[in-house]
Amino acid sequence: MKKGFALVVILASATGLIYAQARSAPDWTTQGFDAQRTSWMRVDPYISLDTLSKFQFLWKLKVDNESRYGNALTAPVVLGNLMTFRGFKSLIFVGGSSNNVYGIDYDFGTLFWRTHHNYAAGAREYSGSPTCPGGMTLPLTRATSLTPPAQLAFFGFARPPRPAKGDVGAPGRGAPQLAEIAERIAARGNRGGGDTPAAAPARGAAPARGTPPPPPPVSPQEGRGRGPNFVFSVASDGLLRGIIPDTGDLALAPARFLPANATATGLIWANGFVYAATSNTCGGAPTAVYAMDFMAETKPVTTWESDGAPIAGLALGTDGTVFASTGSGSSQYANSVVALDGATMKLKDWVRHDSAFTSTPIVFDEGGKTYVAAASGSRLYVLDAASLGGANHGTPLFVTPDATAAERGLTPVPVRGSDPATWRDPAGTRWILAEVSSAIAAFKVVVNGGAPVAERVWSSQKLASPRTPIVVNGVVFALAGGNAGANAVLYALDPATGKELWNSGTTITSTASAGMSAGTGQVHVVTSDNTVYAFGIPLAIN
């Protein structure tokens with residue numbers, strides 16, 4: 001009888017593992033999906049052009065965050081397979097302007113944990129303004145590879161999923177912290193671990209039965225590629241925090257990263273470094289790109305300052321080069337895309353042109369070369385990553401005509417818009433999506449003799465404040481962010497023609513507070529009234 005019972009347990013556990021693994025897609029770990037900010041999820045086991053007839057609203061969850069001058073929730077990052085003391089879970093993580101972080105079970109649309117970051121800077125916390133809203137302005141991030149996730153066969157899905165290791169230990173090696181985690185969760189009423197790092201066993205204490213041996217020391221270089229399984233956040237005090245994804249507890253003591261009360265963008269952990277960029281001189285912070293050497297014991301921070309030119313965003317090449325785009329100003333680096341050494345922040349190259357860049361750059365490879373693309377108003381620039389502006393730093397490879405000026409007969413005034421996205425279709429054609437005159441336009445990239453040309457193929461309908469589009473397994477998703485007279489609307493578009501295939505109608509009852517993300521059959525939208533929405537393909541959850 002005991003053997004039969006054990007067999008049932010083993011089979012049930014194996015079934016749960018296979019189920020959790022087989023439904024996996026690559027995780028959306030950072031702003032723009034990957035380090036290159038392509039916003040392209042190459043594969044998904046459920047979302048496709050063939051399944052859009054089943055695509056629908058799934059759930060929404062309002063959280064207890066308070067908006068600050070339009071700053072509310074950040075775009076979610078995703079962890080598709082996590083072993084927790086409650087079993088396998090699929091979680092998204094959302095930051096809030098009140099210095100809150102939320103872990104949400106995206107299978108069921110329920111709160112898994114919540115944590116609040118207590119303000120710990122010496123300076124007084126800023127009350128906020130429209131230009132400098134204060135609170136948490138940076139999106140969350142997980143450790144992100146410099147190489148975009150590759151498509152590998154596994155039951156026809158994205159890759160052989162490797163469930164993340166949570167506090168319960170590795171598979172087959174026991175659950176040494178199960179009771180401790182359950183006690184912590186019960187004690188705090190499922191409201192997160194606050195700012196106290198999870199306690200380590202006392203020195204000299206005997207390990208609990210089933211406790212895995214401690215990992216060997218990791219040298220600074222050995223651990224750079226994969227990164228720790230934390231959710232990283234930066235609150236208004238400028239401290240970098242690493243959060244345990246299955247409990248919300250702090251994994252390590254907060255480390256000084258940015259000036260307190262800074263407004264920042266682009267947080268990412270890649271190759272052992274943490275990057276972000278500040279703008280608007282909020283909190284007295286210079287406009288700069290910051291790099292923390294996370295693998296070094298003292299976690300030193302180096303910067304590159306733009307001398308006052310606002311920084312629109314940053315992306316990374318597969319070699320670790322940091323590309324940042326800047327807006328207008330009197331600085332010699334205004335209206336530029338710059339290339340920085342990822343470790344030292346030393347300037348490697350730049351291109352300066354005649355108008356402000358208004359988007360985060362994206363990085364992609366085509367024809368054996370690496371290119372950088374960024375928007376300036378309604379113009380799209382395509383640059384050679386190895387020589388951004390040629391010998392004179394002023395000659396980009398390709399620039400599209402300015403659609404706004406052509407339509408209105410006016411000199412354009414670039415304003416911060418949505419970021420581009422890029423993908424390659426099954427035929428091998430490279431596409432770039434970019435905002436043009438309040439619509440999403442699709443450009444086909446053709447490279448002849450090393451010279452790229454971006455030809456506009458289609459444009460969507462006009463969208464109220466369009467957000468950065470994303471591409472999930474060949475489906476283009478566009479988000480009208482909304483404005484004072486219209487709420488946000490999510491659209492699914494045909495990638496070849498731009499034809500509307502689906503829209504969310506009046507489901508979303510507020511404006512969008514950030515861009516989209518996606519994960520295993522779902523697309524996520526966050527709104528200014530502090531609500532998280534999920535749209536996707538309904539799944540049978542056991």
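This report describes a disulfide, a sheet of strands and several salt bridges in a predicted model.

**The disulfide**

The count of disulfides in this model comes to 1, and the bond is formed by Cys132 and Cys282, whose sulfur atoms are 1.9 Å apart. Cys132 belongs to the loop between β6 (110-116) and β7 (141-142), while Cys282 belongs to the loop between β12 (273-279) and β13 (288-293), so the disulfide ties together parts that are 150 residues apart in sequence. The torsion about the S-S bond is about -80°, and the disulfide of Cys132 and Cys282 is therefore left-handed. Because buried means under 20% relative accessible area, Cys132 counts as buried at 10%, and Cys282 counts as buried at 1%.

**The sheet**

Where do β12 and β13 stand in the order of their sheet? They belong to an open sheet of 4 strands, arranged in the order β11-β12-β13-β14 with antiparallel pairing. The edges are taken by β11 (263-270) and β14 (301-305), each of which has a single partner strand, so one side of each is left without a neighbour in the sheet. On average, and with direction ignored, neighbouring strands of this sheet are turned by 15° against each other. Between β13 and β14, which run antiparallel, there are 5 bridges, and Ala288 has Glu305 in β14 as its bridge partner.

**The salt bridges**

Side chains of opposite charge can pair when their charged atoms come close. In this model the count of salt bridges comes to 9, and the table shows some of them, including the N to O distance of each pair.

| Residue | Partner | N to O distance |
|---|---|---|
| Arg42 | Asp34 | 3.9 Å |
| Arg424 | Glu366 | 3.0 Å |
| Asp384 | Lys369 | 3.2 Å |

The pair of Arg424 and Glu366 links strand β23 (residues 421-424), where Arg424 lies, with strand β19 (residues 362-366), where Glu366 lies, so parts that are 58 residues apart in sequence are tied together. Arg424 is partly exposed at 31% relative accessibility, whereas Glu366 is buried at 13%.

In the pair of Asp384 and Lys369, Asp384 lies in strand β21 (residues 379-384) and Lys369 in strand β20 (residues 369-376), so this salt bridge ties together parts that are 15 residues apart in sequence. Asp384 is buried, with a relative accessible area of 12%, while Lys369 is partly exposed at 31% relative accessibility. Salt bridges that share partners also join Glu366, Arg424 and Arg430 into one network. As for the pair of Arg42 and Asp34, Asp34 is buried, with a relative accessible area of 1%.

Key
Residues numbered from 1 in each chain as written. Predicted model: local features only at pLDDT ≥ 70, side-chain atom pairs only at ≥ 80, totals over all residues. Heavy atoms only, no water. Disulfide = S-S within 2.5 Å. Helix = DSSP H or I, 4+ residues; strand = E, 2+ residues; numbered from the N terminus. Buried < 20%, exposed > 50% of the residue type's maximum accessible area, 1.4 Å probe, protein only. Pairing = 2+ DSSP bridges. Axes fitted to C-alpha atoms, helices over the stretch in contact; angles between N-to-C directions. Salt bridge = Lys/Arg side-chain N within 4 Å of Asp/Glu carboxyl O.
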